[in-house]
Amino acid sequence: MRPCITPDPRRRMSEATRAGATPPVLLGQYYRRHSTHSGYARLADAIPEAETVLVDQSCGCRRGDIVWRGLTWLARRGAGTRWLTLAGLRMEAAAAARMVRRRRRCMFHLLYGEAGFAWAARWARHTGHMCVATFHAPPSLMDAILRRPQDLSLLDGVVLVGSSQVPYFEAHVRNRDAIVVIPHGVDTDYFTPLSGPPNEGFTCLSVGTFLRDYDLLGRVADAVADDPRIRFLIVATPESTRRLHDRPNVICLSGLSDDDLLTCYRHADAFVLTAHDLTANNALLEAMACGLPIICLLYTSDAADEL
């Protein structure tokens, strides 16, 4: 992944380690349905010295999870976020355990702050460590996500993925200097264009589920249904696309392998993004890296920045 942080984050991190700085601990979640070449957790590839702890967000309920689910229910009462999940609690518990064991001051970076941050931030204060969290959701969702926005001030740093998020967080974080915007990166070694003859017809690709407006995309497909050259290929969960299956010019796919997803990007003619709201968007960046023109609404300044 090539994050838009510095020209070479690996080199800077290596220099810091040689200078005696303690490598950070990165804590996050991974989703089995996501490509291994996508997602914010790829940040760990740019910081090889860091200890990375990733919890499986997609795991089912096992017998041992019953206790964890009970603890999650109790922890939500004191959590800063209503989106605290079983995986989020495990992420914060892993942070707390490492904070207790580590004697040297260290930075703990929660890669998905919406999944949980307040308990880890409190432990960091008790143990003398630093705690940073990245937030991805658009401002329109933050009041519904955060139970107590004032808990954001427990963090030593707040990383945002788009400039549209800044006003909300500036209103709730006491130290505004602790807020930094770092746009998403994309693996341009993997997501590359495919050279070759043009495709027959015109394929519009859409990828993703979160906050997607597939009702709008369905109306777009209906508007061009008389043109047999245009078809829509949608890669998303079956639940999010169930209203589109009966359209003859729409093909819905799910559960693709990494190579199959890359093939979809490379053989499409354009990428179409319809969403209710957004900040940074992995699929948008991956499509551009594969050389696709983008068709979307400029929902926020974040989309304009990425385009």
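This tour passes through a five-strand sheet, the helices packed on it and a separate helix pair.

The model is predicted: local features need pLDDT of at least 70, side-chain atom pairs count only at pLDDT 80 or more, and totals for chains, interfaces and linings use all residues. Residues are numbered from 1 along each chain as its sequence is written, and side-chain values use heavy atoms, without hydrogens and water.

**The sheet**

Select strands 7 to 11 (strands are DSSP runs of E, at least two residues; helices are runs of H or I, at least four; both are numbered from the N terminus). They form an open sheet in the order 9-8-7-10-11 with parallel pairing (two strands pair if DSSP finds at least two bridges between them). At the edges lie strand 9 (250-253) and strand 11 (294-296), each pairing on one side only. Neighbouring strands are turned by 25° on average, direction ignored (axes are lines fitted to C-alpha atoms, for helices over the stretch in contact; angles run from 0 to 180 degrees between N-to-C directions).

Next, select 202-207 and 270-273: strands 7 and 10 run parallel, joined by 2 bridges. Leu 205 stands opposite Phe 271 of strand 10.

Now add helix 8 (214-223), which packs on the sheet and touches strands 7, 8, 9 and 10 (contact means heavy atoms within 4.5 Å). Its direction makes about 165° with that of strand 8. Helix 9 (258-267) also touches strands 7, 8, 9 and 10, at about 135° to strand 7.

**The helix pair**

Finally, select helix 4 (86-101) and helix 5 (118-127), whose axes are 9 Å apart at about 5°. Helix 4 is therefore roughly parallel to helix 5 (angles under 35 degrees). Contact residues include Met 99 of helix 4 and Trp 123 of helix 5.

Terms used. Parallel < 35°, antiparallel > 145°, perpendicular 65-115°, else oblique.
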